[in-house]
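Welcome! Open your viewer, turn the model around once, and then follow the stops below.

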Amino acid sequence: MSSLLARAVRTGIRNPLSSRLHQPMAAIRFQSTEAKAAATATEEYDVVIVGGGIAGSALACALASNKASSTLKIALIEAFDLSNHIKWSPRPDQYSNRVSSLTPKSVAFLKKIGVWSELDSSRVAACEGMQVWDGVSGARITFDAADVDGIQSSFLHQVFSGNIPTPPGVNSSTNQENLDGNKEASPLAWMTENLHVQYGLQKQLVGHQARGVKLDIFEKTKVQGITTEQGESAQPQGDWPAVQLDNGKTLVTRLLVGADGVNSPVRSFAKIESLGWDYSQFGLVGTLQIDPSTSTAPGQGKGIAWQRFLPTGPIAMLPLNNGYASLVWSTTPKIAQDLKKLPARDFCALVNAAFSASPAELEYLYKNIGPNGEPLVDFQKEIEWRTSVHDQEASQTMIRGGSSSQGDAKPPRVVDVQENSRAPFPLRMRNSSSYVEDRVVLVGDAAHTVHPLAGQGLNQGLADVECLARVIETSLLSGSDIGNIHSLTPYSSERFLPNLAMLGTVDKLSKLYNTDFGPVVWARSLGLTAVDKMGPIKNEIMRFAMGLEEPSKRS
């Protein structure tokens, strides 16, 4: 991490290659992605965004929404079919397995660029509380959005936040607008599917095109190479990035944005190093159906997120509507693959056990998964028997006058898993040595990748986009060249250290809880219990997690 920090200090002092002023481009006709043969071979753009995921599409929306940047000529390139997103129309009882936790700050940004109003409120669940506990010691910390006060603290935002002005819709108090626009205390987060957010983004992009914004979307189009070349217009452009597409077109751009994921070709073109490591863990996602009598989904009780730290990695269950929940289970690669292949009945039994059984009992169950995913013992009976033993032991403890953990809140019981929703993926930590080079900037996973245990990956990407859109707007209003590294340095200065701090903190938490070594368990449990009893510190942690920790605005 020290090498990453050292590079951060050097980010803002690179020598610029040029200092040309921005010259607005003439309006052109819209380009159809289907009419590839009729398109000219080379075309100039103000901004080319490679990657049409949430970060790239959100940036295109933000630029099209801002008054000054809406005059730019923008291209968005995506290898997959984006039209599927705008046609997205799922059944109420079907949920995608990729669900994100959006902080109030991220929601405020989505409102600002017009995306939030496009979403279906029935597919957005409020997370009003969180239960987190140690799977070895049982030490627990409880978060409740109702406990967050309006006092601005002075420590965490200095460590984790950049010099960011408070975004519209996020006040110094927690009296936020809820999903329907009414004033009430904000939840800790809003849970919704990534596809749902993509749907809202695509709706907005089509709307911007209809009102005349010069926005070309190249979907089902791959980047074959990126070079530099001299522009052909009267204004000499020097070595602008030139993006060669598989449809025969070349897009020459004033500013190239890499929103193209962890293996970013844009980052490779800019010769920006990506530093970090892979974890010896996979994340398994899935969509769970939960017992209505124990449901904590909004409309049936308070929406609670549940997370238990096990020696093999944390397991988390996030609330969705209609009696469903989203699972994110970080574990070893072998266990993740075994969990994917288990029959639904046994998988659900194991998920329930993972929130209550001891690590030794879980290890026994893991070892009784056959090579083809078949259970070698009756998981349901094994877990029921072990649960009855724990209940008897707890009762005896209470009779003797001792304390028991049986009174702790318990997660809802899982009764089914949506077919084909289980999917494993490798976990890694990455941070780019720089987020900017002359005429190149990185956002989202192209700039950084974080362990999912804190649920902050998408929120970091949206914070990148919000910051970059504002920096571009400022450059335009001051008459600066939006691609010059001096114009881009404020973005790097604002986002690099907060992202680095978040990555480092999550990485340390992952390593801290990925062990059952006695002294480490004792120390972390003592700390967790102490923080749970210290209201002001816990309040500050919640405010930071909600994106409400903001320093004063710049003068």
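Leaving aside its neighbours within four places in sequence, which residues is Leu76 in contact with? Select Leu76 and look around: the residues in contact with it (heavy atoms within 4.5 Å) are Ile49, Gly51, Gly52, Gly56, Ser57, Leu82, Leu205, Asp216, Ile217 and Phe218.

Before moving on, a word on what you are viewing. This is a predicted model, where local features need pLDDT of at least 70 and side-chain atom pairs count only at pLDDT 80 or more, while totals for chains, interfaces and linings use all residues. Residues are numbered from 1 along each chain as its sequence is written, and side-chain values use heavy atoms, with hydrogens and water left out.

**The whole chain**

Switch to a cartoon view. The chain has 15 helices and 22 strands; these are DSSP runs numbered from the N terminus, with helices being H or I of at least four residues and strands E of at least two. Of its 555 residues, 56% count as buried. Here, buried means under 20% relative accessible area, exposed means over 50%, and partly exposed lies in between, using a 1.4 Å probe and protein chains only. Among contacts with a separation of 6 or more, 78% are between residues 24 or more positions apart.

**Back to Leu76**

Now colour strand β2, residues 74-77, where Leu76 lies. Leu76 counts as buried because its relative accessibility is 0%. Add Glu219 to your selection: Leu76 and Glu219 are 143 residues apart along the chain, yet their C-alpha atoms are separated by 8.0 Å.

**Helix α2**

Next, select residues 54-65, which make up helix α2. Its twelve residues should span 16 Å at 1.5 Å a residue (1.5 Å times one less than the number of residues), and the end C-alpha atoms are indeed 16 Å apart. Eleven of the twelve residues are buried, among them Gly56 and Ser57, which you met as contacts of Leu76.

**Strand β15 and its partners**

Select residues 304-310 for strand β15. Why is β15 described as largely enclosed by the rest of the structure? Because seven of its seven residues are buried. In a regular strand, side chains alternate between the two faces of the sheet. On one side of β15 sit Ile304, Trp306, Arg308 and Leu310, on the other Ala305, Gln307 and Phe309, and all are buried.

Show β5, residues 129-134, as well: β5 and β15 run parallel, joined by six bridges (strands pair if DSSP finds at least two bridges between them). Gln131 has Trp306 as its bridge partner. Then add β16, residues 313-319, which runs antiparallel to β15 with five bridges. Arg308 stands opposite Ile315 there, and β15 and β16 form a hairpin with two residues between them.

**Helix α14**

Move to residues 518-533, helix α14. Which of its residues are buried? They are Val521, Arg524, Ser525 and Leu528. These cover an arc of only 105° around the axis, so they lie on the same side of α14; the arc is taken from the directions from the helix axis to the C-beta atoms. They pack against β5, β6 (140-144) and α13 (485-513). Rotate to the face turned away from the buried side, and you will find the exposed residues Trp522 and Lys533.

**Last stop: cysteines**

Finally, select Cys348 and Cys467. Cys348 is buried at 5% relative accessibility, and Cys467 is buried with a relative accessible area of 0%. How many disulfides does the structure hold? There are zero, counting a disulfide as a pair of cysteine sulfur atoms within 2.5 Å.
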